[in-house]
Amino acid sequence: MPIPLPLDSAREEILAALAVNGSLVLSAPTGSGKSTRIPPMLLGEARGKVLVLEPRRLATRLVAARVAQEMGCPLGGPVGYQTRHEGRVGPDTRLLYLTQGLFLRMLLDDPRLDKVSALVLDEFHERHLDGDIALAMALRLRRTTRPDLAVVVMSATLDTETLSDYLDCPVVKTRGRAFPVEVRHIDAAEDRPPWEAAARAVREIVRAGESGDILVFMPGGYEIRRTVEAVRDLHLPEPLTAFPLHGEMPAEEQDRALAPATNRKVIVATNVAETSITIPGVRHVVDSGLARVARFDPRRGINMLTVQKISRASAEQRAGRAGRTEPGTCRRLWSLYDHQGRSEHETPEIGRVDLSQALLLLNALGVNDIGTFSWLIPPPDAAVRSARDLLASLGATAPDGDPADLDHRFPPPSGNLTELGRQMARVPAHPRLARLVLEGERRGCRDDAALVAALLSERTILRPGPRNPLAAASDDLSDLLARFSQAREHGFDDAFCQGRSLSASAARQVDRTWRQLRQTGQARHHRTARACTHGSADAGRPAGSASNRGLSPPFRSSLSPDPEPRTLPLCLLTAFPDHVAARSRPGSPVFNLTGGRRATLSRETLCTDCDLVLACEIAEIEGGSGLSTVLSLLVPLKPDDLLEMFCNRMGLSSELSWNRETQVVEQIESTRFFDLAIEETRGIPTDRTAAAALLARRIVAEGLHLSGFDDRVEAWVERLRFVATTFPEKGLPVFDDADRQRAIEALCGEDYRYAKVKDRPALEAVRSLLSPAHRRFVDEMAPERIQLPRGHRIRVSYPQGQRPTGRARIQDLYDLPSTPRIAGGRVPLLLEIAGPNNRPLQVTDDLANFWKVLYPQLRAQLQRRYPRHEWR
DNA sequence: GAGCACTGC
């Protein structure tokens, strides 16, 4: 017999509100029983299925089991659940618990949710990206084809006004059942490490004779280790046992921290203890008020992990952990004044993370204009731009319209999924990894590529601790693959893995994901989704139980002799074209990463001697010694690999004899762009105009083939300011708007109108100053730095032939003695493609149509010359 | 003062 809960009394109110509005926001604190009571309540009224979306797998399974038990039916009967790798769904399942992410996958197969009557979003206040998207899609359905779809949003926070405005529906609030927690603020000195204050607070609790276990919140593993040490050094009369607790720990060790102990426990935990894990016996919370938070920096395309002050809502949640079973206390290691200055909520995920996967999925769901999509809170523009750029560079989207009509490229369109993009959206992984899997399939190394994708998308299988080097592995990735295959050959045996500092559970997880990814997201995925919505013959059994044991598909180790040993690096290059790094100079530990970033190699890497690498992982870490960009999971590259990638992008064959060295050197040099430019600037005499012209030239040359242009202008101005203040003797300008205008005039001539760079994206501004023909020219020339086959050159010259230059790069245009006047779309320059022996192949004076007309001709010639080559 | 939070398909 179910225990009565406060929510049961709100039943009439909830059903009445839902009957009138079709949607509802339910505000009820954690522990009020909303996850278990509301969905069955809805099921009684619904004709079709009820879907309940949970943020976490664990909660999905546990809540479904609880509900099935309370309803007195087997799991997989009327009540079921489904997560990525396991589930209990039967033909009779009408109440289905599933993760938010799986729901979005389901929409790909069943966009109208035909058999679904009601949708419940549980724990919505956590504001995961998938939850925001799921809700927005539900709203869209209600507004279009499914006005009858009931939507209930459940949130633990009281701030529900935005939500009810968004859904245009009422809010029902209920009380919780928590015990009071006495909160004290302890003003710890901010410049002291948090573990010292935490240890003092623990001592205070013990000395005051307050009983009960203590839960300490720290931002990360490092702080946890220090706190555990500090607590051990307290030497209190009462024996304490301190346990670390964080997500990277193996499950057995986590269990040990949660299990009852003879001594009083001090559990030092990260945010895992805030929501995901409930710890019995805790009466006291000590809160550092800090958390490591992942953010995506769209300007640099980098994931950062920084220590931040938690919000007031998060502090409230942490304090609540002390009052689950009886009244408790919470000591906050920051002042009340600090507390009042903190933000109310954490930034929702949509405001901080990489959006490329979300964007790809939305495109595949037919949402082509992200700008007008009905977000609860729209994502930041810069993040959307960055995601679009990434999708385009991965080949998932294509610019619309006539490719030659480049004026329509700004702002870039969000839709226009390519066939490749459509396939990528079906692969349940980040777009980069989806591309990796598909490229692997195309190049005949599907299994290896899918395994790499699985290893990169799941938690690392490497545990801290000593590992014997594998003789056969020469780089990080093949080392990882070899270790995984060893673990797999031993059936992911716990003892075997432990002895080799591998996590058996993480490896099993990778194995499951690998099995899914190697199907490239099509056949199997259909089945899963069908099972969710329509039921299927093999449902009702834990999914994967048949395939996970015994029968194992042949595993081709990447260490086995490979007829095409460079295949995997080439696949990786399509997935991570911007993760290439070159050593800054021989022997230096500093690497230059594409886009002007600097980085160092991870300590664990095997590729210590490589000069050109691809980094599967790039992270910016805020550690004890400041901020550093660290490259890890490295694969050595050969210059030929880069060449191959360029050729692929150009649709040309690398078998032609190209001018390889030039290309590679150029690419590597472009990664050092900012440093070179600064050196140049330093050497310039005290001439403001010259400095401005240099800046403008660089802006155009750099900005047109890289994204995030406006930010680059700002970065550039910053750099110049830095140089100006560091080398005052050079008399360089402090760069202001007047200098900007001068720069643009130097670039374009004085009769062009000045557009304020700050107001609009700088690229737009500079481009708008150019005539249409000139604009097309720079657009087409600079982006890819198109190269010609060996012996062929592009020459730029005046009609009179005053100043022919070497290769036609955009800088060369601005190196001409005076800026060419442009009129009527005709450019008084001659462009010629010179063949071997300088024999001109083509000449034109129409720059606007140069690539449109000449490039296909050139390509046709090449095709005739190399007929046996396979042209793409 | 070793260099890393938590989810999820």
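**Around the sheet and helix 4**

Let's start at one end of the sheet: strand 3 (residues 79-82) and strand 4 run antiparallel and are joined by two bridges. Strands here are DSSP runs of E of at least two residues, helices are runs of H or I of at least four residues, and both are numbered from the N terminus. Two strands pair if DSSP finds at least two bridges between them. Tyr81 has Arg88 in strand 4 as its bridge partner.

This is a predicted model, where local features need pLDDT of at least 70, side-chain atom pairs count only at pLDDT 80 or more, and totals for chains, interfaces and linings use all residues. Residues are numbered from 1 along each chain as its sequence is written, chains are lettered from A and ligands numbered from 1 in written order, and side-chain values use heavy atoms, leaving out hydrogens and water.

Zooming out, the open sheet has eight strands in the order 4-3-5-2-6-7-1-8, with mixed pairing. Strand 4 (87-88) and strand 8 (171-173) each have a single partner strand, so one side of each lacks a neighbour in the sheet.

Helix 4 packs on this sheet, touching strand 2, strand 3, strand 5 and strand 6; contact means heavy atoms within 4.5 Å.

Helix 4 (residues 100-109) also has a helical companion: its axis and that of helix 13 (residues 356-364) come within 10 Å and cross at roughly 25 degrees. That makes the two helices roughly parallel (angles under 35 degrees, between N-to-C directions of lines fitted to C-alpha atoms over the stretch in contact, on a scale from 0 to 180 degrees). Leu104, Arg105 and Leu108 in helix 4 meet Gln357, Leu361 and Ala364 in helix 13.

Key: Parallel < 35°, antiparallel > 145°, perpendicular 65-115°, else oblique.
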